[in-house]
Amino acid sequence: MTLLLRVVTADALQRFSALLRASAEALERRGTPLWTAASLTEERLLASYPLSALRFAVLPEGEEVATLVLLDHDEEFWPDARPHEALYLHKLAVRPERQGRGYGEAALDAASREARARGRALLRLDTAADRANLRAFYERLGFEPRGERDVQGLRVVLYERRV
């Protein structure tokens with residue numbers, strides 16, 4: 001399955017936030033909370049990320065099935081990174097009714113294609129160190145652990161894969 005990435009526009013920000021919140025609520029119902037709904041409002045997202053970094057992963061016919069954020073740099077998690085060597089991924093979320101069907105993997109592949117198109121050698125991300133299932137998912141997809149850090153009171157594992 002191939003997903004395309006589409007930049008989120010100001011008029012689509014509400015849909016981006018809603019998809020993220022729906023995914024967060026589904027994770028909470030399953031007993032694996034990841035983000036709080038309060039952290040996923042339009043205002044909070046724009047306070048944390050430039051609008052130009054927000055992406056929808058869409059099916060060829062245009063359905064928005066996932067979200068992600070692609071940053072050019074991420075000093076908070078990767079303070080020693082060399083400029084322009086990687087894109088940094090945050091807020092990967094799949095629409096709840098589409099979860100478990102390969103859309104997360106396809107969204108990561110689309111992010112890797114964008115990184116390569118922008119001349120980057122790596123796609124990097126982080127996840128909470130205590131999320132064994134999520135860590136196994138990333139490792140199964142070729143992401144390699146590159147260390148651990150404490151960020152905002154949370155122990156995270158840093159991952160990267162060549163694109």
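Just after helix α3, Gly-119 takes a positive phi of about 80 degrees, where helices (H or I, at least four residues) and strands (E, at least two) are DSSP runs numbered from the N terminus. The model is predicted, so that local features need pLDDT of at least 70 and side-chain atom pairs count only at pLDDT 80 or more, whereas totals for chains, interfaces and linings use all residues. Residues are numbered from 1 along each chain as its sequence is written, and side-chain values use heavy atoms, with hydrogens and water left out.

Helix α3 itself, residues 103-117, has 15 residues and reaches 21 Å from its first C-alpha to its last, close to the 21 Å expected at 1.5 Å a residue, the expected span being 1.5 Å times one less than the number of residues. Among the buried residues of α3 (buried means under 20% relative accessible area with a 1.4 Å probe, protein chains only) are Tyr-103, Gly-104, Leu-108, Ser-112 and Glu-114. Helix α3 packs on the sheet, touching β1, β2, β3, β4, β5 and β7, where contact means heavy atoms within 4.5 Å. Its direction makes about 155 degrees with that of β4; axes are lines fitted to C-alpha atoms, for helices over the stretch in contact, and angles run from 0 to 180 degrees between N-to-C directions.

The sheet is open and consists of seven strands in the order β1-β2-β3-β4-β5-β7-β6, with mixed pairing, two strands being paired if DSSP finds at least two bridges between them. Because β1 (4-7) and β6 (144-151) stand at the edges with a single partner strand each, one side of each is left without a neighbour in the sheet. Strands β5 (residues 122-128) and β7 (residues 154-162) pair in the antiparallel sense over seven bridges, and the bridge partner of Arg-124 is Glu-160 in β7. Thr-127, which lies in strand β5, counts as buried because its relative accessibility is 4%, and its contacts, not counting residues up to four places away in sequence, include Leu-134, Tyr-138 and Val-157.

The largest nonpolar core, a set of buried Ala, Val, Leu, Ile, Met, Phe, Trp, Tyr and Cys residues joined through side-chain atoms within 4.5 Å, has 26 residues, of which Phe-16, Leu-20, Leu-54, Phe-56 and Val-69 touch the most other members. Two or more residues come from each of α1, β2, β3, β4 and β7, and α1 gives the most, with five. A second, separate core of 25 residues includes Leu-59, Ala-66, Tyr-103 and Tyr-138.

Conventions. Buried < 20%, exposed > 50% of the residue type's maximum accessible area, 1.4 Å probe, protein only.
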